[in-house]
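Q: I should be grateful for a close look at one part of the protein shown below. Please treat it as a single connected account.

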Amino acid sequence: MKGLVIKNTGSWYTVRTDDGRTIESKIKGNFRLKGIRSTNPVAVGDHVEIVTNQEGTAFITAIDDRRNYIIRKSQNLSKQSHILAANVDQAFLIVTVSHPQTSTTFIDRFLASAEAYSVPVVLVFNKCDILSDDERHYQKMMMELYRTIGYDCFEITAKSGEGVDELRKILPGKITLLSGNSGVGKSTLINQILPGANLRTAEISDAHDTGMHTTTFSEMLEIPGGGYIIDTPGIKGFGTFDMEPTELTSYFREIFNFSKDCRFNNCTHTHEPGCAVLKAVEEHYISASRYQSYLSMLEDKDENKYREAF
């Protein structure tokens with residue numbers, strides 16, 4: 001029997017079968033031995049085969065090939081990955097300039113990982129109502145930067161619903177992953193888009209200006225008129241997984257464009273003579289923040305480095 005994984009609570013997976021039933025399922029014991037180096041070999045969005053049992057639950061026996069996924073390094077297990085979701089049409093990365101501040105390094109790591117697996121990303125800047133004049137200026141500069149590179153950017157205030165209608169227009173018929181740091185307002189945004197969802201929200205911690213985890217598992221929520229939103233737990237860091245240094249250039253769109261003019265084909269864009277990327281950074285055609293993100297990802301091969309929060 002075939003179905004779609006719509007929820008992952010750790011040891012159990014909720015599968016919506018092709019005939020419309022919802023069945024709680026587990027992974028069959030030997031499933032983990034097939035070379036899947038992941039803390040969650042089955043992810044929300046996976047199409048799977050299940051075999052039901054007498055208790056009314058089921059075993060997942062196979063996963064269909066994924067057309068894409070968003071993946072990051074597991075925070076605790078260095079050799080393993082964590083798949084946020086599979087088979088998505090687009091991802092909304094929720095960003096806040098303040099309370100809490102989303103770092104450009106985090107944004108760039110997410111964007112590069114999405115580029116690697118062909119997932120279009122929309123940047124959603126939330127909490128615009130609480131920004132100071134300086135913060136508003138900084139946000140405008142950030143949006144100009146990412147729009148220039150080719151990413152769509154939206155400004156919203158999820159709490160009041162301001163700007164959310166523009167996002168609603170690009171949701172129908174698509175599977176959309178929502179991601180971002182804890183506390184950026186993912187659950188609040190989903191409650192605006194799907195008033196019946198009633199997701200729990202929490203205040204920001206005043207002491208550390210960080211969010212609390214209100215979503216503890218990933219879940220697909222159906223959108224009226226077709227499509228799904230995938231709600232995921234807030235993430236602190238985004239360690240990249242299985243990226244070779246030679247591939248990394250192609251995951252930064254503007255760096256890739258300039259790299260074609262480098263003197264050497266195997267240029268790492270760090271020190272080589274005749275490097276068109278270094279020249280473009282010097283002349284401000286490539287932003288310093290994006291280049292620093294590129295360098296930090298080059299260093300991810302150092303096994304101890306990615307354990308730090310990015």
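The request and its answer concern one strand and the elements around it. How is strand β9 (residues 121-125) covered, with which strands does β9 pair, and which helices link β9 to those strands?

A: The model is a predicted one, and the description below should be read in that light.

The setting comes first. The chain has 310 residues, of which 50% count as buried. Its secondary structure amounts to eight helices and 13 strands. Among contacts between residues at least 6 apart in sequence, 64% connect residues that are at least 24 apart.

Strand β9 itself spans residues 121-125 and is mostly covered, with five of its five residues buried. The cover extends to both faces of β9: Val-121, Leu-123 and Phe-125 are buried on one side, and Val-122 and Val-124 are buried on the other.

β9 has a strand partner in β8 (residues 90-95), and the two pair in the parallel sense over five bridges. Within this pairing, Val-122 of β9 stands opposite Phe-92. β9 is also joined by four bridges to β10 (residues 152-155), and this pair too runs parallel. Here Val-124 has Phe-154 in β10 as its bridge partner. Val-122 and Val-124, which share a face of β9, thus appear in the two pairings in turn: Val-122 opposite Phe-92, and Val-124 with Phe-154.

Each pairing is spanned by a helix. Helix α1 (residues 104-116) forms a right-handed β-α-β unit together with β8 and β9. Helix α2 (residues 133-149) forms a right-handed β-α-β unit with β9 and β10. β9 therefore belongs to both units, closing the one that contains α1 and opening the one that contains α2.

The loops on either side of β9 and α1 have backbone features of their own. Pro-100 is located in the loop between β8 and α1, and the peptide bond that leads to Pro-100 from His-99 is cis, with omega near -5°. On the other side of the strand, Lys-127 is placed in the loop between β9 and α2. Lys-127 is not a glycine, yet its phi is positive, near 65°. As a general background, most residues other than glycine have a negative phi, and most peptide bonds are trans. Lys-127 is also buried, because its relative accessible area of 16% falls under the 20% limit.

The two linking helices also meet each other. The axes of α1 and α2 are 13 Å apart, and the helices pack at an angle of about 25°. That makes α1 roughly parallel to α2, because the angle is under 35 degrees. The contact is made by Thr-104, Ile-107, Asp-108 and Leu-111 on the α1 side, and by Tyr-138, Met-142 and Tyr-146 on the α2 side. The crossing of these two helices is right-handed.

α1 has a further neighbour in helix α8 (residues 288-298): the axes of α1 and α8 come within 9 Å and cross at roughly 65°. At that angle α1 is roughly perpendicular to α8. The crossing of α1 past α8 is right-handed. From α1, the contact draws on Thr-104, Thr-105, Asp-108, Arg-109, Leu-111 and Ala-112. From α8, it draws on Ser-289, Arg-290, Ser-293, Ser-296 and Met-297. Thr-104, Asp-108 and Leu-111 of α1 are named in the contact with α8 and in the contact with α2. In general, an α-helix has 3.6 residues a turn, so residues three or four places apart point the same way.

In α8, the buried residues are Arg-290, Tyr-291, Ser-293, Tyr-294, Leu-295, Ser-296 and Met-297. These buried residues pack against α1 and α2, and also against α5 (245-248), α6 (253-259) and α7 (276-282). Between α6 and α7 lies the loop that holds His-269. His-269 has a positive phi of about 65°, although it is not a glycine. His-269 counts as buried because its relative accessibility is 3%, under the 20% limit.

In summary, β9 is a strand with five of five residues buried. It is paired in parallel with β8 and with β10. It is linked to β8 through α1, and to β10 through α2.

Notes
Residues are numbered from 1 along each chain as its sequence is written. This is a predicted model: local features need pLDDT of at least 70, side-chain atom pairs count only at pLDDT 80 or more; totals for chains, interfaces and linings use all residues. Side-chain values use heavy atoms; hydrogens and water are left out. Buried means under 20% relative accessible area, exposed over 50%, partly exposed in between (1.4 Å probe, protein chains only). Two strands pair if DSSP finds at least two bridges between them. A crossover is right-handed if, with the strands pointing away from the viewer, the path from the first strand over the helix to the second runs clockwise. Axes are lines fitted to C-alpha atoms, for helices over the stretch in contact, and angles run from 0 to 180 degrees between N-to-C directions. Angles under 35 degrees count as roughly parallel, over 145 as roughly antiparallel, 65 to 115 as roughly perpendicular and the rest as oblique. A crossing is left-handed if the near helix is turned anticlockwise from the far one by less than a right angle, and right-handed if clockwise. Contact means heavy atoms within 4.5 Å.
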